[in-house]
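Reader: I should be grateful for a guided discussion of this structure, in questions and answers suited to a first-year student.

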Amino acid sequence: MDRLLNQRQRALLLSAFAALALLAVTVAGFLLSDAAMVTDFSRKNLAPCLAYPFGTDWMGRDMLARTLTGLSLSIRIGVLTAAVSAVVALAVGTAAATLGRRVDAVLSWCIDLVMGIPHILLVILISLAFGKGFVGVVAGVALSHWTSLARLLRGEVLQLRSAPYVLTAEKLGRTRLQVARDHLLPHLLPQFLTGLILLFPHAILHEASVTFLGFGLSSEQPAIGVILSESMSYLTTGKWWLAFFPGLMLVATVALFALLGDRLRRILDPATIHQ
Amino acid sequence: MKRLLPCLLSLTLIAGCASGGTASTTPAAEHPADEVVVVMGPTSEPEAGFDPAFGWGAGEHVHEPLIQSTLTVTNADLTIGYDLATGMSVSDDGLTWTVTIRDDVSFTDGEPLTAADVAFTYNTVKATSSVNDFTMLSSAEAVDDTTVVFHMTTPYSIWPYTMAIVGIVPEHAYDSATYGSNPIGSGRYTLVQWDRGEQIILEANPDYYGEAPKMKKVTILFMEEDAAFLAVQAGQADLAYTSAVYADQSPTGYSLLSCESVDNRGINLPTEGNPVTADLAVRRAINIGVDREEMIRNVLGGYGTPAYSVCDKLPWYNPASEVAYDPEEAVRLLEEAGWVLGDDGVRVKDGVRAELNILYSTGDSVRQALAADLSNQLAELGIACTTEGVGWDTAYDRALTTPLVWGWGAHTPMELYNIYHTMPDTGTALYSPYANPTVDSYMDQALRCAGLEDSYELWQKAQWDGTTGVTQDGDIPWVWLVNVNHLYWVRDGLQVAEQKIHPHGHGWSIVNNVDQWSFAS
């Protein structure tokens, strides 16, 4: 393998694989969403078997369909929240770095404030304020996860602004907008994209936790958090499959996203171009 | 990945915490014959303590207060018997109740219990109780040491049922700030220890005026359902509540006790505000198109009875409420009313699709499963259903236009009034839109009635009088589905005394007669 492909190609291959796997889960879950809602009491509490590889629950719902639909929902929420977070982070980060010292002080203070509150608490509070459900979760996760990326981008922009080639461009009469577009943005893009991808796993896990705790998605929806919290009451009676497979799939999804982000960083990082 | 690890770990931790619980140990081998350990759910722990003014014994989940005495008690058949009372009478206009009480009763601090304490108790609960309705009471007055007179604002024939849940507190030792955690009463037991969030220890009152309790010490632990089951497996409890989820297990040394209840589950069908349920034919079709036995098998593991009213098997129940499962007739009713089956299996009438969203309270797996089973069954009739979990913060409002899975069942006919009687300010019933002047008038008459016996008949007529009512041939604004049996693991050898039919609330009812329990030697 080492001789066939260089590190860059391997990274490309791996990220393609991760992206494909995630896409497959998303699409499969989307297609199975009707099947996941079907309750059939004639097949309740079945252990994993050929027909139902993940077993069924106390209302006879197919856990495979439920798990995939739940993950698909999680991923879609993840995409939405990560996108919102990243855009907020980009806007705040650049604004703090370019709009002068006062704005910077205010925005930095905001970042510190949001970072100072424990994440899960903040997500719960915002989700409750937005009336729970899909909107609540998206708002909660999106409005609490932009801070670290914003801080990173701010630092990056601050550094760039005093870089020789930017200063030179300004001296040559380029407008601020032109400088931002032609010189700042290309440099920021790798950081931004990597940050965006790495927001996914956080978003998904926090969506699952907040739903698990009962402040997120409604209990009739096939969400991973709902599945896991429901399974709690059945563990003592030995129905391990209700928590095991969905939990495993959640971890796998999160790990895939982390892998994707990590490889993407390597591909985009100019320093690794020749590896 | 480094930052993800804490996230993953915290998720695991949260999951682990949810199943925690504590238990005091009582080794099975050397079990004392007059002590018993009972496990109840965490919600059974009275938040405000053992003060009748703050809901102890009363409220939504009625039970005998144990620590205090009551004037009356409900018998096994839910008629009225006497505890402190020796006699009662009501004036012809129904506005004055005179109750005579025993003269040989004292509180556990040695002071005698007199009519003044009774009057004080009722005046106090009227002033402070937010849990129970005492608007019908004007004031209570002690005429002499053993006679108390209740002045009513309006006739209230079922007053004896209220008297069965109000524990009498001592006037000389009542402080609303401390009484809840340090109650003094004259009942069968005294509170000796209360560890909040964990347990309550009751000991028999040595000076009790009635038959001395056989169980000298009662320990009540508060645990989640899974922790309760683990406590049973570990042999740490003598009796523990459980549910159908665990009923197929067989912990050694225990057997399952299934108690009949009026702890019913049913759905409201708003008679206005919802284009589907506003149609009488739809409501009637649902009532006979639901196979209650199948529901009991599927959802309750067989531990339940079909429900046809909010008060099945109680003295004020009208047997005319009962219906037979008849899906063909249900379909005929729908077709006759113009609900035509569409190509997609859903009926349509005048452009309105027969679609219902059935709400249930989030986190209640039984109600969720009932909603799911109901929606499967209704789909066969051509009524398409979705289910949705809601919190109680929004459920009451949404139920005004959408069916919600409710749980009711109390030891008083007042529940019929609360569900079916119109409110004066809105002209419609409180929980789900419904109004029928005839039904209203029967219930008004029942409350004005002089004798309880006569009132039962009027409560029954409110349900169905032969021409109108709230049953299948009447307006059927609510469809009742099942009564959920209350299940308990009982240690072999423990003789649980015969239970009166359990009301809503899977908690204190079981220990109503704990004083009569015993261990077979």
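Reader: Which residues of α7(A) does α3(A) meet?

Author: The model is a predicted one, in which local features need pLDDT of at least 70, side-chain atom pairs count only at pLDDT 80 or more, and totals for chains, interfaces and linings use all residues. Residues are numbered from 1 along each chain as its sequence is written, while chains are lettered from A and ligands numbered from 1 in the order in which they are written. Helices (H or I, at least four residues) and strands (E, at least two) are DSSP runs, numbered from the N terminus, and two residues are in contact if their C-beta atoms, placed from the backbone, lie within 7 Å. From α3(A), residues including A:Ser85, A:Ala89 and A:Val92 take part, and the partners in α7(A) are A:Leu149, A:Ala150, A:Leu153, A:Arg154, A:Val157, A:Leu158 and A:Arg161.

Reader: How many nonpolar residues does the contact of α3(A) with α7(A) have?

Author: Ala, Val, Leu, Ile, Met, Phe, Trp, Tyr, Cys and Pro count as nonpolar, Asp, Glu, Lys and Arg as charged, and the others, Gly among them, as polar. Beside four polar and two charged residues, the contact of α3(A) with α7(A) has nonpolar residues numbering 11.

Reader: At what angle do the axes of α3(A) and α7(A) cross?

Author: Axes are lines fitted to C-alpha atoms, for helices over the stretch in contact, with angles from 0 to 180 degrees between N-to-C directions. The axes of α3(A) and α7(A), the latter covering residues 147-161, come within 8 Å. They cross at roughly 35 degrees.

Reader: What distance does α3(A) reach from its first C-alpha to its last?

Author: Helix α3 of chain A covers residues 63-98, which is 36 residues. The expected span is 1.5 Å times one less than the number of residues, and for α3(A) this is 52 Å. Close to that expectation, α3(A) reaches 51 Å.

Reader: Is A:Val141 buried or exposed?

Author: A:Val141 is found in helix α6 (residues 133-142) of chain A, and the residues it touches, not counting those up to four places away in sequence, are A:Thr81, A:Val123, A:Ala203, A:His206 and A:Glu207. A residue is buried if 20 or more other C-beta atoms, placed from the backbone, lie within 10 Å of its own, exposed if 12 or fewer, and partly exposed in between. Because A:Val141 has 30 other C-beta atoms within 10 Å, A:Val141 is buried.

Reader: Which residue in the loop between α2 and α3 of chain A has a positive phi although it is not a glycine?

Author: The loop follows α2 (33-37) and leads to α3 of chain A. The residue has 18 C-beta neighbours inside 10 Å, so it counts as partly exposed. Its phi is about 55 degrees, and the residue is A:Asn45.

Reader: Which element gives the most to the side of chain A that touches chain B?

Author: The contact takes 24 residues from chain A and 28 residues from chain B. On the side of chain A, the elements that give two or more residues are α9 (176-212), α10 (224-235) and α11 (241-268). With six residues, the element that gives the most is α9(A).

Reader: What is the radius of gyration of chain B?

Author: Chain B has 12 helices and 24 strands. The radius of gyration is taken over C-alpha atoms, and the globule rule is 2.2 Å times the number of residues to the power 0.38. For 521 residues the rule gives 24 Å, and chain B is close to this, so it is as compact as a globular protein of that length, with a radius of gyration of 25 Å.
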